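Trainee: I keep hearing labels thrown around for structures, and I'd like to know what earns them. Could we go through one together?

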Amino acid sequence: MPQDRPGSAAVPDELNPFETAQRQCDRAARYLPGLEPGLFEFLKRPDKLITVEFPIATSSGDVRNFVGYRAVHSRVRGPGKGGIRYHPDVNPDEVRALASWMTWKCAVVDVPFGGAKGGVVCDPKKLSEEDLQHITRRFIVELNDNIGPYTDIPAPDVNTNARTMAIVYDTYEMMHKGQNNLGVVTGKPVHVGGSLGRREATSRGGLFVTRRALARGVLEGVEDVEGLTVAIQGFGNVGGIAAELFREAGARVIAVSDSRGGVHCADGLDPADATAHKAATGSVVGLPGCEQVSNEELLTLPCDLLLPSALENQLREDNARDVRARMIVELANGPSTPEADAIFAERGIPVLPDILANAGGVTVSYYEWVQNNKNEQWEEDEVNAKLERIMTKATDAVVGKREEINGSLDRLTARRRELGRGEDALDPVDLRTAAFVVAVERVARVSLDRGIWP
Ligand code: NAD
């Protein structure tokens, strides 16, 4: 377990998301022999972590105390950008990891943001709407000027949504009257300065990436999502909308799940029915016409595409060999551990990595921020067309980088040896490492061109 950071996650290293994020970076650096080691260390480590503690007078009449975090990983390419999560398992290492994935994600899609993330340790299921609103307001007041339209810009994540973002905006606006503050947060409701298409953007971006990757031959013999079977873990903002969009694109959604369990229907289910059932009962479990499956079973159902869309560490050394999907599309952040990655590579199961596959959310967040700064409202078609272009370009960059690296392993190995960076021969890379190489190269380049201060 890491000893050098306060508040490390109380989990073994192989399930610590920050360790995972660091290992993913280290692996990419092997393929960048010319990258100066000191610069790489700087790019890899988070810039700062803020911890705040505050009380709330709850609707049940007691006073409860909460801990919140905001990590900024990098501002090399622009202001920090990243969601706010409400979950009992939020901890400093998770927030640091998520912040670093944001840096690499923004670089992969080439939007001018750095990486940040925040969270409050709480269980929204045990709190009222009013309590959550108070938590949001107090958290934002405590963060004070650590967030801002040009410094660090939050967005939705697990258990937060457009309404939460409206409260973030309103609170910040109260503290900074007389200026346009809309750009302080993205993912707002459309009538409060949000962008059309933002709600669907993460899932839509995932669909665009999947289509392009298939068109580029990532999964042998499959050229489009039409007719493919899809299993989705997590039926929230991202997973629920992905179910609708993949179905619209001609895929058959055969299973969905949430924190209470999952349902399976080999003939395909209608995501609208699952949404209605969840709205009525609080879960997709019990959806008529489907058989019940556990979350663990959902991950190992035979299907063409598995879309992990919940939390980290879902695909691990202990279950990766049982996965029967032909390809994995990571809509969640950090769903696969490095050990699972190695197993998928060995088994020939392509993984479209989180820093590419779920980058549609931050891309449309960027469009929202641009619209806010210009006082404009773009048409939804325009947003989606721009999103498709950017996701296609990013997918091409990642697939192209994988081909480039795997076609020059001998040269890269020789260069590493020449520079004294290591003696071992380099292995072929998967799409995750290729995406990290694209990202690290882009951030390093900006860092060098801006100059190491002073
Ligand atoms: P959400 O809170 O709306 O939904 C999360 C869903 O996962 C819920 O349905 C919950 O019940 C389910 N879940 C939780 N634990 C589970 C488990 N063990 N098994 C199955 N389901 C489980 O959150 P979201 O915004 O949809 O985010 C989901 C993932 O996508 C997270 O990893 C998040 O970081 C990532 N992400 C979100 C966005 C965004 O725009 N919201 C953007 C990029 C990435």
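**What earns each label**

Mentor: Sure, and let's start with one residue. Apart from neighbours within four places in sequence, Leu-98 has contacts with Arg-85, Ala-116, Lys-117, Glu-312 and Asn-333. Keep in mind that this is a predicted model.

Trainee: What makes these count as contacts of Leu-98?

Mentor: The cut-off is heavy atoms within 4.5 Å. Those five residues, Arg-85, Ala-116, Lys-117, Glu-312 and Asn-333, pass that test with Leu-98.

Trainee: Is Leu-98 buried or exposed, and how do you know?

Mentor: Buried means under 20% relative accessible area. Leu-98 has 2% relative accessibility, so it counts as buried. The residue sits in helix α3. There's also Gly-115, which is 17 residues away from Leu-98 in sequence, with 8.3 Å between their C-alpha atoms.

Trainee: Where does helix α3 lie?

Mentor: Helix α3, residues 92–108, lies across β1, β2, β3 and β4, and runs at about 150° to β4.

Trainee: Those strands keep coming up. What is the order of the five strands in their sheet?

Mentor: The order is β1-β2-β4-β3-β5, the pairing is mixed and the sheet is open. β1 (48–57) and β5 (152–156) each have a single partner strand, so they stand at the edges, with one side of each left without a neighbour in the sheet. On average, neighbouring strands here are turned by 25° against each other, direction ignored.

Trainee: How do you know that β3 and β5 pair, and in which sense?

Mentor: Pairing takes at least two bridges. Strand β3 (residues 80–87) and β5 have five bridges, in the parallel sense. One example to look for is Gly-83, whose bridge partner in β5 is Ala-155.

Trainee: Now a lysine. Why is Lys-44 called buried?

Mentor: Same kind of reasoning: the cut-off is under 20%. Lys-44 has a relative accessible area of 7%, so it is called buried. You'll find Lys-44 in helix α2, residues 37–44.

Trainee: Which residues is Lys-44 in contact with, leaving aside neighbours within four places in sequence?

Mentor: Gln-22, Cys-25, Asp-26, His-73 and Trp-104. Take Cys-25: it is 19 residues from Lys-44 in sequence, and the C-alpha to C-alpha distance is 7.0 Å.

Trainee: Speaking of cysteines, how many disulfides are there?

Mentor: Zero. A disulfide is a covalent bond between the sulfur atoms of two cysteines. Here the test is sulfur atoms within 2.5 Å. For Cys-290, the nearest cysteine sulfur belongs to Cys-265 and is 4.5 Å away, and Cys-290 is in no disulfide. Cys-303 is in no disulfide either, with the sulfur of Cys-265 as its nearest at 14 Å.

Trainee: Is Cys-303 buried or exposed?

Mentor: Buried: its relative accessible area is 6%, set against the cut-off of under 20%. Cys-303 also has a bridge partner in β11, namely Ala-325.

Trainee: What makes you say that β10 and β11 pair?

Mentor: Remember that at least two bridges are needed. Strand β10 (residues 303–308) and β11 have three, and they pair in the parallel sense. Another spot to look at is Leu-306, which stands opposite Ile-328 in β11.

Trainee: And why is β11 described as largely enclosed?

Mentor: Of the five residues of strand β11 (residues 325–329), four are buried, so the rest of the structure largely encloses the strand. On to β12 (residues 351–352): two bridges join this strand to β11, and the two run parallel. Val-329 has Leu-352 as its bridge partner in β12.

Trainee: Which sheet do these strands belong to?

Mentor: An open sheet of seven strands, in the order β9-β8-β7-β6-β10-β11-β12, with mixed pairing. β9 (291–293) and β12 are at the edges because each has a single partner strand, which leaves one side of each without a neighbour in the sheet.

Trainee: Zooming out, how many helices and strands does the chain have?

Mentor: 15 helices and 12 strands.

Trainee: And what makes the chain as compact as a globular protein of that length?

Mentor: The globule rule gives 22 Å for 454 residues, and the radius of gyration is 21 Å, close to that value, so the chain is as compact as a globular protein of that length. The C-alpha trace spans about 65 × 65 × 45 Å along its principal axes. Of the 454 residues, 58% are buried.

How values were computed:
Residues are numbered from 1 along each chain as its sequence is written. This is a predicted model: local features need pLDDT of at least 70, side-chain atom pairs count only at pLDDT 80 or more; totals for chains, interfaces and linings use all residues. Side-chain values use heavy atoms; hydrogens and water are left out. Axes are lines fitted to C-alpha atoms, for helices over the stretch in contact, and angles run from 0 to 180 degrees between N-to-C directions. Buried means under 20% relative accessible area, exposed over 50%, partly exposed in between (1.4 Å probe, protein chains only). The radius of gyration is taken over C-alpha atoms; the globule rule is 2.2 Å times the number of residues to the power 0.38.
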